[in-house]
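Biologist: Hey, can you walk me through this one? I'd like to get a feel for it before class.
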Amino acid sequence: MNLWMWLLLSCLFAYAWKLVGYLVPATLLKNPRTSRIAGTMTIGLLASLTIVNAVAEGQSLLLDARIGALAAAAVALLFRAPFLVVVIAGAGAAALLRLAGWS
Amino acid sequence: MPITWPARLLGSPAVRVGLSISVATGLYGVSFGALSVTSGLDFWQTMALSLLLFSGGSQFAFIGVVAGGGSGLAAMGAATLLGMRNGIYGMQLNVLLRPTGWRKYAAAQLTIDESTATSTGQTDPAEQHRGFWTAGIGIFVLWNVFTAVGALAGGALGDPKQWGLDGAAVAAFLALLWPRLKGREPVAIAIVCALATVLAVPFVPAGVPILAAAAVAALIGWFSHGPKDEGLEPDIDPYTVGHHGHSHGPGHGPGHGHKQTHNQEPGTATGDAR
């Protein structure tokens, strides 16, 4: 029951974050600096999410099959592959590397 | 809203992008469902996260802390910190889509990385709407269906890593980032933020490195003075950066990697997450 409470609070806060964005006056984003920050943060967050998913394991850094997934995805993107093909390339590379015995 | 667009649906680049990202992300819900029940959550707790919290990073953070023996409070903290970026996405989307009435509250729940990227990757306002709602609704439905599948399959599936599902997540985020790397400056921002993330990982709880990177990116945005038409602004097509002499960055400049998105006419730029 205790876990349920934290879980539902997490859901509430998650929705609150999302909704706050819609309740902030749109004029705030007319400020060039605000919009510039929103742009740089988007790039920063996506880069961070990419690398966290690739090399972080809890609080440690780990080079495992996910690096292969990152490389395969980058190659697929260089070859202009569609999104789904990129994702499949990433999954396939990780799965194959693990089959080959690399973590 | 999807029901108001008739025949042209599949002719819309945003809808195609939205559908393919829905399938890709939705399938990944299998791994969340399976990992969640193996972390000690029950079926309905797992479903509550996918239905109500509905933000992949936060959901994985929550079950990750629980699996690592962390408290419910710590799990909530990690999930909530990771959800902060959705507030930024909401601000961007509110400007692009200007939803009113109940749509504002529905759009808020559907505001996640993938729906935001699909929408902001489009130049045409109608396409931005289609991209957001297609990706948002599509991912919501498939993510929950496959969460249930994963939770039920649970142990039977074995280790989701065996299927490379964690690699699929890496690839998906890179594919979302890639089209934004038009030019030297966005590439530099991405590298700096990735480095900041890697440096922060050993020292702070899971989830916080992502926020540290966001803070670094915000500082860059605050102090640097890019051209006014930088193209990083959410209400301007990201691909237009290439129009202002920045497209020939480092050799791996993805501006050369996307046949369609590298077009010099903004109107012809198509999908973001392709």
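Modeller: Sure, we'll go through chain B, then where the chains touch, and then one helix pair; keep in mind that this is a predicted model.

Biologist: Cool. How many helices and strands are there in chain B?
Modeller: Chain B has 10 helices and zero strands. Reading from the N terminus, the elements go α-α-α-α-α-α-α-α-α-α.

Biologist: And what share of its residues count as buried?
Modeller: For chain B that's 59% of 274 residues. Also, if you take the contacts in chain B between residues at least 6 apart in sequence, 72% of them join residues at least 24 apart.

Biologist: OK, new topic. How many residues are in contact between the two chains?
Modeller: On the chain B side there are 91, and they are in contact with 71 residues of chain A. Several helices of chain B each supply at least two residues to that side, including α1 (13-38), α4 (72-97) and α10 (208-223).

Biologist: Which helix gives the most?
Modeller: That's α4(B), with 18 residues on the side of chain B that touches chain A.

Biologist: What does that side look like by class?
Modeller: The side of chain B that touches chain A has 56 nonpolar residues, 24 polar and 11 charged.

Biologist: Back to α4(B) for a sec. How many residues does it have, and how far does it reach?
Modeller: It has 26 residues and spans 36 Å from its first C-alpha to its last, close to the 38 Å expected at 1.5 Å a residue. Right after α4(B) comes Arg98(B), which has a positive phi, near 45 degrees.

Biologist: Why do you call α4(B) largely enclosed?
Modeller: Because 20 of its 26 residues are buried, α4(B) is largely enclosed by the rest of the structure.

Biologist: Now the helix pair. At what angle do α1(A) and α2(B) pack?
Modeller: The angle is about 15 degrees, and the axes of the two helices are 9 Å apart. Angles under 35 degrees count as roughly parallel, so α1(A) and α2(B) are roughly parallel to each other. Their crossing is right-handed.

Biologist: Which residues make that contact?
Modeller: From α1(A) you have Leu3(A), Trp4(A), Leu7(A), Ser10(A), Cys11(A) and Ala14(A). On the α2(B) side, the contact is made by Gln45(B), Ala48(B), Leu49(B), Leu52(B) and Leu53(B).

Biologist: How do those divide into nonpolar, polar and charged?
Modeller: The contact of α1(A) with α2(B) has nine nonpolar residues, two polar and no charged.

Biologist: Any reason the numbers skip by three or four like that?
Modeller: An α-helix has 3.6 residues a turn, so residues three or four places apart point the same way.

Methods. Residues are numbered from 1 along each chain as its sequence is written. Chains are lettered from A and ligands numbered from 1 in the order in which they are written. This is a predicted model: local features need pLDDT of at least 70, side-chain atom pairs count only at pLDDT 80 or more; totals for chains, interfaces and linings use all residues. Two residues are in contact if their C-beta atoms, placed from the backbone, lie within 7 Å. Helices (H or I, at least four residues) and strands (E, at least two) are DSSP runs, numbered from the N terminus. Ala, Val, Leu, Ile, Met, Phe, Trp, Tyr, Cys and Pro count as nonpolar, Asp, Glu, Lys and Arg as charged, and the others, Gly among them, as polar. A residue is buried if 20 or more other C-beta atoms lie within 10 Å of its own, exposed if 12 or fewer, and partly exposed in between; C-beta atoms are placed from the backbone. Axes are lines fitted to C-alpha atoms, for helices over the stretch in contact, and angles run from 0 to 180 degrees between N-to-C directions. Angles under 35 degrees count as roughly parallel, over 145 as roughly antiparallel, 65 to 115 as roughly perpendicular and the rest as oblique. A crossing is left-handed if the near helix is turned anticlockwise from the far one by less than a right angle, and right-handed if clockwise. The expected span of a helix is 1.5 Å times one less than its number of residues.
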